[in-house]
Amino acid sequence: PGTPGGKKPSTPKATSSIKGTPGVKALWASPTGSGTACTAHAPCALDYAVSNAPDGGTVRAKSGTYVGSIVIGTPLHLVGQGHAVLDASKDSNGDPIQAPGVTIQASDSSVSHFTVQNAYLEGILVVHADRVTIDHDTVVNNDTGLPDGSVGECAPSGQIPGDCGEAIHLLSS
C-alpha cells in the first residue's frame, strides 16, 4: 500500500504542545532545563512545563533531582522518568518552602514514578479534586514543618489536635 507513484504516505512526527499549540500533548522537563521548547532534546524547567501543559497533557520529568514544589492546577499527567526526585525543602534560590511537595487541584490528574521528599507540609496534597491517580510514587521525610505543629493542617484548633503526618493527604477529594 502507498500513494500513487509507490511512495508510502508520510506520518506526522511527534511534537511538544504548549497551551494553544497543536500537536502531541507531551512536554519534557529536566532538573537543568530552561527555555520554552519543552522537548525531549531541549527540556524546560519542571514548573514551567506543568504550568504550560495543555488540559489533559503529559509532563515527562527526566531523571534527576528537582527543587521546589509543584502545583497542578489543570488536568494533566506528571510522569517521572528513570529516578525523578522532587526535593521540596527549598526553591531554586535556596530559600525554604512552606508548602506541600506536590499540590493537585485539578480533577482527572495523575502523578506517577516520582520520589517526593523533604516537604514542609504534605508530600502530596490532593485538594478538591476527583479522579486523581497517584501511582508508583515514593513519599518520604515530609511534614517537616515546625516541631510544635503550628502551621497548615498541623495547627491545633481549640480542643481539636492538629492533623499532621500525612505523606499523601486527600482533602475534600
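## Around S109

Leaving aside neighbours within four places in sequence, S109 is in contact with I72, T74, P75, L76, H77, I104, R131, V132 and T133. This is a predicted model. S109 sits in the loop between β6 (102–104) and β7 (110–117). Its relative accessibility is 1%. Buried means under 20%, so S109 counts as buried.

## The aromatic pair

The whole structure was searched, and one aromatic pair was found. Its members are Y66 and F114. The pair is tilted, with 50 degrees between the planes and 6.4 Å centre to centre. Y66 belongs to strand β3 (residues 64–67) and F114 to strand β7, so the pair ties together parts that are 48 residues apart in sequence.

Y66 is buried, with a relative accessible area of 3%. F114 is also buried, at 3% relative accessibility.

## The nonpolar core

F114 appears again in the largest nonpolar core, which has 26 residues. The members that touch the most others are L46, V50, V59, I72, L78, V102 and F114. Several elements each supply at least two residues of this core: β1 (26–29), α1 (46–52), β2 (57–61), β4 (70–72), β5 (76–87), β6, β7 and β8 (124–127). The largest share, four residues, comes from β5. In soluble globular proteins, nonpolar side chains tend to be buried together.

## Contacts of F114

Which residues is F114 in contact with, leaving aside its neighbours within four places in sequence? The list is L46, A61, L78, V79, G80, A84, L86, H136, D137 and T138. Among them, L46 and L78 are also named with F114 as core members that touch the most others.

Methods
Residues numbered from 1 in each chain as written. Predicted model: local features only at pLDDT ≥ 70, side-chain atom pairs only at ≥ 80, totals over all residues. Heavy atoms only, no water. Buried < 20%, exposed > 50% of the residue type's maximum accessible area, 1.4 Å probe, protein only. Contact = heavy atoms within 4.5 Å. Phe/Tyr/Trp six-rings, centres within 6.5 Å; stacked < 30°, edge-to-face > 60°. Core = buried A, V, L, I, M, F, W, Y, C linked by side-chain atoms within 4.5 Å.
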